[in-house]
Every structure is written in C-alpha cells, then in structure tokens.
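The following exercises introduce a protein structure through its helices, its loops and selected residues. Each task is followed by a solution that proceeds step by step.

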Amino acid sequence: MSTISRRSLLTGATAAAGLSVVGAQSARASSRRRVPVTREEQRLVIIGSGFGGGVAALRFAQAGVPSLVLERGLWWRTGPNAATFPRASGIDKRAFWMGMSFEIFGIRTPQLDPYLGLLEAVEGENMNIVCAAGVGGGSLVYQGMTLQPSREIFNATMPEQIDYSVMDSVYYPRVARMLKIQTAPDELINSQTYLPSRIFGRNVERAGYSLSKIPMPIDWNFALRELKGEMKPSYTNGDCALGVNNGGKHSVDVTYIAAAQATGLVTVATQHNVTDVEMAKDGRWVVHVDRLSTEGEVLEKKIITTKSLVMSAGQVNTTKLLMRAAAKRKIPDMPDGLGTNWGSNGDRIYVWTNLADDFGVPQGGPVVYGSKDWGSPATANTVIQASLPPLPVNLRSTMMVGFGVSQGRGRFTYNPFRDDVVLRWPKDGDKAVHAKIHERATKIAGPASLLIDTNAVVPSTWHPLGGASMGVVCDLAGRVQGHRGLYVLDGALMPGTTAACNPSMTIAALAERAADELVASDVGTII
C-alpha cells in the first residue's frame with residue numbers, strides 16, 4: 001500500500017471511528033490582559049449538555065426548577081447544505097479541542113490552531129479516551145446507534161435494585177420517543193453507496209449470525225433527499241462522522257436541550273469551561289468557570305454558587321473534577337470508590353479491506369446493520385459496519401466496529417505534581433470480549449479479507465464508563481453519597497459497561513429514571 005493511500009486510509013478510519021487518536025493537547029490559552037472575575041448565584045447548575053445533562057435540564061425545568069447549563073464547547077447549528085461541522089475527509093481546527101495534534105500508527109498530524117473543537121483525546125495508561133465538546137455532547141459525533149440491552153444482560157451487569165420491567169416499559173421508550181429513532185428504509189439501503197452495508201449484511205448471514213437493522217436517531221428522509229440531488233451529500237457519502245451538516249440527526253441539542261429551552265427556565269452558557277468545583281462552608285456548591293473565546297483565550301472568570309450541582313460533564317471530566325476536588329480537600333469525605341469501576345465498553349475498531357468485493361467509494365452512512373451475539377451475558381457483544389468518509393482513492397475498505405460486556409476494570413489516580421487525574425487500565429482488561437468480537441469479525445469479513453485491528457496498536461475507546469458509579473460512589477438516582485445537593489448523571493454513573501450496547505440510550509434512560517426520583521423526592525427540599 002502506498003504512503004498516500006495508507007495515510008488516507010488511517011486518517012479516514014480515525015475520523016470514522018474516533019478511536020485510534022492519541023492526542024497531545026496544547027497548553028491552556030492564557031490571556032495577556034487582566035481577566036475580570038464575576039460572581040453569581042443559581043438555584044441549579046448542570047455541568048455538561050450531553051445525554052445526562054440534557055435529560056436533567058428538561059425534566060427539572062418541567063418540574064419548575066430553573067437551571068444554568070454550562071457547556072465548554074460551541075453550539076453547532078446545522079441545516080440543509082450547511083458547512084457547520086468539519087468534513088471527516090478534510091479535517092481542520094474545528095475537529096479538535098484546543099488544537100491538539102494526534103498520531104495514527106506513527107503518523108503525527110500537524111498541530112492545528114487552538115479552537116474549541118469537537119473532540120478531545122485523553123491519554124491514559126494502556127488506554128486512551130476520546131470525548132466530545134459542544135452543546136449535545138457526544139451525540140454530535142456518535143454514529144447514532146440507539147440500542148436497548150436485553151433483560152438478561154441488563155440484569156447481569158446493572159445493580160439488581162433497578163427493575164428492568166420499568167426500564168423496558170417506561171424509560172427506554174421515553175428516550176426512543178425523544179430521539180425519534182428509526183431504522184433505515186430499504187430504498188436507501190439498496191442505493192449505490194450503501195453497497196458496503198449490503199455486503200456486511202450478506203456476510204453476517206453467511207457466517208450464521210443474526211442480522212438486524214440498527215435503530216438510529218435520524219430522519220432518513222434527509223438521506224433520501226440527498227439521493228434525489230436536493231441536498232449536498234452528507235449521509236450518502238459517509239461524511240457524517242464529525243457531525244451531520246444537513247441536519248436530520250436528532251442529537252441532544254435539537255431534542256432534549258431545545259425542549260428544555262422552550263420551557264423558558266433553562267439558560268445554556270456555551271464556551272464556559274469548568275475548571276474546579278468545591279463545597280462552600282455553608283454547604284452550597286461553588287463552580288469555577290473560565291469563559292472562553294473560540295480560540296481558547298480566557299475572557300472572564302466566573303465563580304458561581306448554587307444550592308444543587310449536577311455533574312454531567314462526560315465520564316472523563318466529571319470524574320476528573322470530582323477527584324481533583326477530593327484530593328485537594330475542596331470537597332471533603334468523598335466516597336472511597338471515586339475513580340474506580342471504570343470500563344471501556346469493550347470497544348474494538350477494525351479497518352476491513354475486502355479483496356473479494358469492492359466496497360466502492362463513496363460509502364453511505366452512518367450505520368444500517370448490526371449483528372448481536374447476546375446469548376451469554378459474560379461475553380455478549382454487538383458488531384456493526386460503519387462507512388469510511390470520502391477518500392481520494394478506492395482502498396476497497398470499510399469499517400467494522402464491535403463492543404460488548406467487558407469484565408476488566410480500571411481506575412483513575414490523582415497526580416499532585418500535574419494537578420491531573422490519569423486512567424490506569426490493565427493491558428488485558430478486555431481480553432475475553434475482544435477475543436469473542438475478533439472471532440466474529442473474522443468470520444464476517446471472510447477469507448479474502450484483511451482486518452486491521454486499530455485497538456491492538458493504540459488501545460482506545462469512545463465509550464468510557466464509570467468513575468463515580470452507582471452503588472460505589474452514588475445511589476441509583478445519581479446522588480453522591482454523603483453530599484447533599486451533589487449529583488452525577490452521565491457515563492461516570494455507569495458500572496463500567498452498558499450491557500453489550502453503546503452507552504447513549506442506557507445513559508439517557510437511567511438519567512430519565514433518576515430525574516423522576518429526584519423530582520419526586522429532592523425538588524423543593526434540596527434542589
């Protein structure tokens with residue numbers, strides 16, 4: 001394979017999967033002038049606007065509670081033929097948080113100009129994490145799979161006090177309605193650029209595995225309009241890994257956050273990066289915030305005092321903020337399990353090169369079909385096909401992605417010299433589920449194929465889970481044990497797995513469940 005094609009393939013794979021990035025974030029921007037400091041008080045502050053924060057903002061507002069949502073990133077507004085998001089096939093500064101550079105199999109990209117971009121890479125020991133920034137959080141850049149786990153796997157991996165029957169009848173359907181999930185129509189799947197999806201589906205059935213359409217939070221009429229030439233390609237050429245420019249994707253910003261704002265009780269403050277949280281002497285919560293320019297310059301420092309604080313900054317940043325506060329005794333007596341019970345959700349990302357079939361270019365996306373192997377809760381897994389973004393050459397390649405129940409657990413530790421929190425992950429933490437995924441992916445690919453296992457070279461995940469999990473740090477409604485008015489509602493609350501599914505739907509459903517309990521029990525007394 002030529003140098004140019006190798007670079008194109010691996011860059012495309014990184015953009016499509018987001019999991020082989022190893023980043024070095026640029027130094028924090030510092031102002032050359034005196035930065036003003038302001039103070040304010042709020043009844044409820046929610047840090048983060050992803051699946052957890054979006055649910056919290058809406059449900060508390062519906063209960064009459066005003067809130068301030070702090071989002072470090074930008075509001076990425078889209079519409080037909082928009083150019084809001086960077087193209088995965090032509091990455092620019094909008095793609096990465098604060099201009100970080102990244103490495104793909106030894107190829108390091110130039111460092112980009114500082115910008116409040118979409119993705120941040122967080123390096124750990126034996127595992128790297130990719131997390132998102134922007135109103136809507138990870139929903140902006142995730143593939144969109146909206147999967148509900150089975151009763152057996154849910155009960156085997158989640159706290160036994162959570163009634164799956166209620167989750168199945170109330171909370172998972174509520175999320176499905178909010179995200180307006182649909183499966184792709186056959187008219188689209190049978191079109192030219194969705195050939196890789198059809199090849200994947202055929203091969204799955206040839207290998208003797210189950211095949212099903214994957215529910216997605218997408219109005220597929222947008223993709224059908226692209227086929228008719230009514231909009232520039234975004235879905236139908238797979239150039240949607242870093243956000244869908246044409247719209248039609250029911251991400252959190254246009255569902256939960258929009259509905260929360262419509263109540264008139266929710267203020268979303270973008271470009272507000274939370275640097276520290278602490279407990280005041282009177283028991284209230286103090287949030288330290290840098291208001292940033294789009295290039296990361298600190299324009300203002302805010303000190304916000306609040307009666308109640310919801311941590312929904314995403315698994316990594318929620319865990320980091322709480323652990324730093326605990327280590328520096330800004331929040332005393334935090335539970336001993338803080339930073340533990342971390343899992344990668346068993347992520348596995350393959351570049352699939354097929355010598356028997358030509359996948360062609362471009363490839364429609366984001367995800368159409370998947371194959372569930374959910375018979376054994378111990379190694380339950382899901383394998384899907386995902387498109388590569390448009391490339392200048394035909395490399396006869398596409399993506400295959402797997403995730404599942406992993407028994408491995410890592411933990412975060414605080415480094416006082418760097419004032420930072422670092423993940424420690426055992427090298428073989430995902431060994432069992434990875435072996436199962438690899439066996440299935442190999443059979444699906446077939447004998448005339450080559451699979452490049454990106455995780456074997458750079459272990460990484462876009463699905464970090466745990467760190468402040470239920471039953472260890474928080475109760476089942478996200479209340480931090482022993483700390484009145486402090487809540488966790490995001491991936492940090494999960495017990496290291498979301499039961500052979502990508503995390504989005506389960507995070508949102510458990511946040512919905514928690515919100516119902518908190519509205520019934522805490523609103524009017526604590527919140």
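**Exercise 1. How are H2 and H12 oriented relative to each other, roughly parallel or roughly perpendicular?**

Solution. The model is a predicted one.

Step 1. Helix H2 covers residues 51-62, and its axis comes within 9 Å of the axis of H12. The two axes cross at roughly 30°.

Step 2. Angles under 35 degrees count as roughly parallel. H2 and H12 are therefore roughly parallel to each other.

Step 3. The crossing of H2 with H12 is right-handed.

Step 4. On the H2 side, the residues that meet H12 are Phe51, Gly52, Val55, Arg59 and Phe60. Their counterparts in H12 are Ser504, Ile507, Ala508, Ala511, Glu512, Ala515, Leu518 and Val519. By class, this contact comprises 9 nonpolar, 2 polar and 2 charged residues.

**Exercise 2. Determine how H4 packs against H12, and name the residues that make the contact.**

Solution.

Step 1. Helix H4 spans residues 164-179 and helix H12 spans residues 504-521. They pack at an angle of about 115°, and their axes are 9 Å apart.

Step 2. The range from 65 to 115 degrees counts as roughly perpendicular. H4 and H12 are therefore roughly perpendicular to each other, and their crossing is right-handed.

Step 3. H4 contributes Met167, Tyr171, Tyr172, Arg174, Val175 and Ala176 to the contact. H12 contributes Met505, Thr506, Ala508, Ala509, Leu510, Glu512, Arg513 and Asp516. These residues divide into 9 nonpolar, 1 polar and 4 charged.

**Exercise 3. Compare the span of H12 with the expected span, and establish how many of its residues are buried.**

Solution.

Step 1. H12 has 18 residues, and at 1.5 Å a residue a span of 26 Å is expected. The distance from its first C-alpha to its last is 26 Å, close to that expectation.

Step 2. Of the 18 residues of H12, 13 are buried, so the helix is largely enclosed by the rest of the structure.

Step 3. Threonine 506 is located in H12. Its relative accessibility is 0%, so threonine 506 counts as buried.

Step 4. With neighbours within four places in sequence left aside, threonine 506 is in contact with Pro149, Met158, Tyr172, Met494 and Thr498. Methionine 494 is 12 residues from threonine 506 along the chain, and their C-alpha atoms are separated by 8.9 Å.

**Exercise 4. Carry out the same examination for H9, and state which of its residues are buried.**

Solution.

Step 1. Helix H9 (residues 315-327) has 13 residues, which should span 18 Å at 1.5 Å a residue. Its end C-alpha atoms are 18 Å apart, in agreement with that value.

Step 2. H9 is mostly covered, since 11 of its 13 residues are buried. They are Gln315, Val316, Asn317, Thr318, Thr319, Lys320, Leu321, Leu322, Met323, Arg324 and Ala325.

Step 3. Arginine 329 follows H9 and has a positive phi, near 60°.

**Exercise 5. Is phenylalanine 85 buried or exposed?**

Solution.

Step 1. Phenylalanine 85 belongs to the loop between strand E3 (67-70) and strand E4 (101-104).

Step 2. A residue is buried under 20% relative accessible area. At 4% relative accessibility, phenylalanine 85 therefore counts as buried.

Step 3. Apart from neighbours within four places in sequence, phenylalanine 85 is in contact with Trp76, Thr78, Arg94, Leu118, Leu140, Leu242, Gly243, Val244 and Asn245.

Step 4. Aspartate 239 is 154 residues from phenylalanine 85 in sequence, while the C-alpha to C-alpha distance is 10.0 Å.

**Exercise 6. Locate the cis peptide bonds before proline 362 and proline 366, and examine the positive phi values of aspartate 419 and alanine 500.**

Solution.

Step 1. The bond from valine 361 to proline 362 is cis, with omega near -5°. Proline 362 is in the loop between strand E13 (348-354) and strand E14 (367-373).

Step 2. Glycine 365 and proline 366 are joined by a cis peptide bond with omega of about 0°. Proline 366 also lies in the loop between E13 and E14.

Step 3. Aspartate 419, a residue other than glycine, has a positive phi near 50°. It lies in the loop between strand E17 (411-415) and strand E18 (420-424), and with a relative accessible area of 25% it is partly exposed.

Step 4. Alanine 500 has a positive phi near 70°. Alanine 500 lies in the loop between strand E21 (486-488) and H12, and at 0% relative accessibility it counts as buried.

Notes. Residues are numbered from 1 along each chain as its sequence is written. This is a predicted model: local features need pLDDT of at least 70, side-chain atom pairs count only at pLDDT 80 or more; totals for chains, interfaces and linings use all residues. Side-chain values use heavy atoms; hydrogens and water are left out. Axes are lines fitted to C-alpha atoms, for helices over the stretch in contact, and angles run from 0 to 180 degrees between N-to-C directions. Helices (H or I, at least four residues) and strands (E, at least two) are DSSP runs, numbered from the N terminus. Angles under 35 degrees count as roughly parallel, over 145 as roughly antiparallel, 65 to 115 as roughly perpendicular and the rest as oblique. A crossing is left-handed if the near helix is turned anticlockwise from the far one by less than a right angle, and right-handed if clockwise. Contact means heavy atoms within 4.5 Å. Ala, Val, Leu, Ile, Met, Phe, Trp, Tyr, Cys and Pro count as nonpolar, Asp, Glu, Lys and Arg as charged, and the others, Gly among them, as polar. The expected span of a helix is 1.5 Å times one less than its number of residues. Buried means under 20% relative accessible area, exposed over 50%, partly exposed in between (1.4 Å probe, protein chains only).
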